[in-house]
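I am opening a notebook on a structure that is new to me, and I want to set down in order what I looked up.

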Amino acid sequence: MALKTKSSSATACALFALSLALTGCEDIPWNPDRWGLDRLDVLSVNGRTGDVPMNYETLMRLGAAARAAGDLPNALSLYRRAASLESNPPAPFIAIGNTLIEMGQADEAIIAFNSALSREARNPEALRGVARAYLRTARPELAGQPLALAFEGTPNDPKLLMLIGVADDFVDQHGEAQARYRRGLEIAPGDPALTQDRQTLALIYGLKGDRRAAEKLALIDLEPAAAQHNLAAYDNLRRLSPEARSRAIRALVTSSASPRSS
């Protein structure tokens, strides 16, 4: 079974997202009619608005719908309201953390994931999430412990292996990193979600200025010309002001995470 899959469609998606990021994009407007939420007020203090019950399950479901549609600010509001109603489950805090990562707010995401872990110390999704957030803030030494705990519970999770590999690379343990990457590819060589994760990690390396590591990850899924194009785009991102870069990265992550028709 081949371990490398070169994807022209993945290239097109990645380059389209990068072009959006570099040229700027408008925020997606809140359109409650898209999900039948025209009578829903996420800040209702009475717990009900019209005929829509403002309970935990409804808020979590609507938050997921908003996030899937790319409306991240409203998804965040819905998840936070859910957490205020049911503070014991880790799920709303994990959802808040994942949404904040997509919005480019890694430091706030770390707080949310740690809130989830204070409720369930070995929750695998929260452990992976806080590790991703630490990597996005270039603090791989802090990602090591949650990754080790997550590995104890799910040693054959290809996304987790990819994250561990990146953390290893950040601390110059390149041999260990390559072993993790290879194992992840063996488990799920054609997983499109894993492909997206690899290209997101290539972006992280590119913004850090580690062009060699970014190129190595990009070439796993992309043809050489497409990989070089993405590397040039990462260089352009690094030249932007911090504010413009933050907007561009948020647009890139949102575009990459949004559902696409085949």
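**Helix contacts, core and one buried residue**

I began with two helices and looked up which residues join them: in this predicted model, Tyr56, Met60 and Arg67 in H2 meet Ala91, Pro92, Ala95, Asn98, Thr99 and Glu102 in H4. Sorting this contact of H2 with H4 by class, I found five nonpolar, two polar and two charged residues.

I then turned to the geometry of the pair, and noted that the axes of H2, residues 56-68, and H4, residues 91-102, come within 12 Å and cross at roughly 20°. Since angles under 35 degrees count as roughly parallel, I entered H2 as roughly parallel to H4. The handedness I wrote down separately: H2 passes H4 in a left-handed crossing.

My next entry follows H4 to another partner, helix H5, which covers residues 106-119. The axes of H4 and H5 come within 8 Å, and I noted a crossing angle of roughly 160°. Angles over 145 degrees count as roughly antiparallel, and H4 and H5 are therefore entered as roughly antiparallel to each other. Here too I looked up the handedness, and H4 passes H5 in a left-handed crossing.

Which residues make the contact between H4 and H5? From H4 I listed Phe93, Ile94, Ile96, Gly97, Asn98, Leu100 and Ile101, and from H5 I listed Glu108, Ala109, Ala112, Phe113, Ser115, Ala116 and Arg119. By class, this contact of H4 with H5 has nine nonpolar, three polar and two charged residues. Looking back over my two lists, I see that Asn98 is named in the contact with H2 and again in the contact with H5.

After the helices I looked up the largest nonpolar core, which has 59 residues. Those with the most contacts inside this core are Leu147, Tyr205 and Leu217. I followed up Leu217 and, not counting residues up to four places away in sequence, found that Leu217 touches Met162, Tyr181, Arg198, Gln199, Leu201, Ala202 and Tyr205. Tyr205 thus appears among the residues that Leu217 touches as well as among those with the most contacts inside the core.

My last entry concerns Ala177, which lies in helix H9, residues 174-187. Is Ala177 buried or exposed? Buried means under 20% relative accessible area, and Ala177, with a value of 0%, is buried. Leaving aside neighbours within four places in sequence, I found Ala177 in contact with Gly165, Asp168 and Asp169. I also noted that Ala177 and Ile164 are 13 residues apart along the chain, while their C-alpha atoms are separated by 7.1 Å.

Conventions. Residues are numbered from 1 along each chain as its sequence is written. This is a predicted model: local features need pLDDT of at least 70, side-chain atom pairs count only at pLDDT 80 or more; totals for chains, interfaces and linings use all residues. Side-chain values use heavy atoms; hydrogens and water are left out. A nonpolar core is a set of buried Ala, Val, Leu, Ile, Met, Phe, Trp, Tyr and Cys residues joined through side-chain atoms within 4.5 Å. Buried means under 20% relative accessible area, exposed over 50%, partly exposed in between (1.4 Å probe, protein chains only). Contact means heavy atoms within 4.5 Å. Axes are lines fitted to C-alpha atoms, for helices over the stretch in contact, and angles run from 0 to 180 degrees between N-to-C directions. Helices (H or I, at least four residues) and strands (E, at least two) are DSSP runs, numbered from the N terminus. Angles under 35 degrees count as roughly parallel, over 145 as roughly antiparallel, 65 to 115 as roughly perpendicular and the rest as oblique. A crossing is left-handed if the near helix is turned anticlockwise from the far one by less than a right angle, and right-handed if clockwise. Ala, Val, Leu, Ile, Met, Phe, Trp, Tyr, Cys and Pro count as nonpolar, Asp, Glu, Lys and Arg as charged, and the others, Gly among them, as polar.
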